[in-house]
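User: I would like to go through how the terms used for this model apply to it. Could we begin with the ligand and then turn to one helix?

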Amino acid sequence: MTASTLPPKAVSAPGKVLLAGGYLVLDRNYTGLVFGLDARIHVYIEPIKTKSGVTLSEIIVKSPQFREATWEFGYRLVEGEGGIGVTQLRANHTLPLRKNPFIETTLTYTLTYITTLLPHPHLSPSTISILASPAYYSNPGTSPSSSTSSPSPFLKYPVSLPEAHKTGLGSSAALVTSFTAALLTYYLPTHIFDLETDAGLRILHNLSQAAHCAAQGKVGSGFDIASAVYGSCLYRRFSPSLLSSLPAPGSPGFSSKLKALVEGRDGAEWDVEIRKAAIRMPRGLRLVMCDVDCGSETPGMVKKVLGWRAEHKDTADRIWDALQQGNEEFAAELTRLAGEEEDAGKERYAKLRDIIARNRALIREMGQASGVPIEPPQQTALLDACSKIEGIIGGVVPGAGGYDAVVLLVEDREEVMAELKKLLAGWKEAADEENGVKIGKVGILGVREDMVGVRLEDPTGYTDWLD
Ligand SMILES: Nc1ncnc2c1ncn2[C@@H]1O[C@H](COP(=O)(O)OP(=O)(O)O)[C@@H](O)[C@H]1O
Ligand SMILES: C[C@@](O)(CCOP(=O)(O)OP(=O)(O)O)CC(=O)O
């Protein structure tokens with residue numbers, strides 16, 4: 001097959017919610033309990049359509065759901081093993097260049113890795129389209145007119161991406177993972193890269209972590225990339241030092257060092273641990289994500305918590321260790337219940353309730369001691385009120401916590417959702433005088449947990465969105 005006739009490919013990856021282990025998971029001595037969600041980001045890739053038949057080294061990336069969301073790139077091999085240099089092209093000289101570092105960095109890293117695997121690295125030009133599930137953004141959107149009998153699962157938004165209001169489901173991690181997977185699947189034959197093998201997932205994980213960290217300009221715990229690749233799991237992070245010896249893209253040795261890193265060779269052995277069997281969702285239960293409309297964000301929460309921990313080692317160790325134990329019990333109890341027959345016994349979830357209550361008390365202690373509103377009083381009031389509803393087991397502030405979201409563990413019954421909707425519809429705006437933060441409307445996001453990580457999709461399913 002010649003390069004120009006490569007068949008279209010499509011891949012999707014899930015969003016995430018860190019149910020337990022916020023802050024702890026930054027340290028390899030602790031773990032995080034992360035659920036993948038059924039909100040996914042899809043990436044579709046096909047040969048570029050050129051009118052003249054002239055093939056330029058060009059890749060066009062589009063987010064057709066948003067305004068002003070097309071990025072064009074030129075690419076070339078950089079001498080001295082500098083990898084693939086990617087340059088954003090200006091489609092229209094009168095417009096400012098809109099950057100998307102997640103796309104540009106992922107292209108640079110993934111094309112570089114691909115060329116280390118091909119004997120004659122000729123990459124044919126391609127067009128890439130990104131489509132995200134509605135739950136990622138809270139902006140109102142509309143359905144496009146459909147050319148097929150089934151309506152599109154994606155919405156069109158009358159805004160540009162910087163104006164999109166993110167709901168915090170990990171759009172950049174899902175994007176980087178599915179974008180990386182789509183490029184690898186499109187340009188490499190399956191005997192070199194196969195997304196449906198353990199080896200393929202490992203390569204995808206390592207490459208996506210490296211690209212995501214570089215694009216973010218910081219090394220987080222990486223739980224979001226891990227769940228985008230593997231789905232729900234108990235996660236122990238990789239040592240951050242793994243990424244520190246990688247030269248900058250374009251500099252000598254970048255491509256060979258990146259290859260060794262991605263393949264876990266030459267001192268770059270990955271010590272990440274993904275335990276999928278350690279977390280399950282019991283039959284009859286589900287997660288519900290609530291988006292809290294809040295007046296302010298607290299920047300630098302991670303920095304502040306870690307700064308406090310460094311100065312108060314003994315107290316911090318006690319809280320961290322107790323929380324780790326509680327989080328492990330949480331995972332173990334969910335998994336135990338998942339192996340049991342479902343019955344309506346009232347006491348079935350008593351232990352889960354108790355574990356959640358103890359963990360929340362420790363999270364509040366962590367917040368009060370470090371001066372960071374991890375579970376601030378407004379969220380305590382909201383979680384307590386939700387937990388009183390018959391059929392709601394409990395809830396927590398996910399991830400780093402703060403004012404903007406809560407996640408609930410509930411019995412998967414319509415009456416429970418109806419009661420929850422009633423409570424939230426009447427939820428009073430409460431002001432936190434001390435921090436000047438107001439929480440307003442609380443909405444339910446149309447998502448639930450999903451155990452499946454990255455997956456191949458049918459490339460014929462996107463016609464409504466392609467030119
Ligand atoms: N549909 C999309 N198309 C292109 N880029 C996207 C899309 N959704 C998110 N992104 C990229 O991801 C960035 C958001 O990442 P980030 O701030 O880390 O939020 P999140 O918590 O959702 O990961 C956006 O600024 C944009 O660069
Ligand atoms: C504090 C953390 O442990 C968890 C943060 O989880 P969130 O889900 O709040 O993260 P964002 O999507 O980046 O906003 C930091 C980390 O693990 O990197």
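Analyst: A polar contact is a pair of N or O atoms within 3.5 Å; within protein, one must be able to donate a hydrogen and the other to accept it, and residues adjacent in sequence count only if both atoms are side-chain atoms. This is a predicted model, in which local features need pLDDT of at least 70 and side-chain atom pairs count only at pLDDT 80 or more, while totals for chains, interfaces and linings use all residues. Residues are numbered from 1 along each chain as its sequence is written, chains are lettered from A and ligands numbered from 1 in the order in which they are written, and side-chain values use heavy atoms, with hydrogens and water left out.

User: What makes the pair between ligand 1 and the side chain of Ser63 a polar contact?

Analyst: A nitrogen atom of ligand 1 is 2.5 Å from an N or O atom in the side chain of Ser63, and the limit is 3.5 Å, so the pair qualifies. Oxygen atoms of ligand 1 also lie 2.7 Å from such an atom of Lys166 and 2.9 Å from one of Ser172.

User: Why is helix H5 called mostly covered?

Analyst: Buried means under 20% relative accessible area, exposed over 50% and partly exposed in between (1.4 Å probe, protein chains only). Seven of the 10 residues of H5 (residues 254-263) are buried, so the helix is called mostly covered; among them are Phe254, Leu258 and Val262.

User: What do the buried residues of H5 pack against?

Analyst: They pack against strand E5 (83-89), helix H1 (101-115) and helix H3 (198-216), where contact means heavy atoms within 4.5 Å; helices (H or I, at least four residues) and strands (E, at least two) are DSSP runs, numbered from the N terminus.
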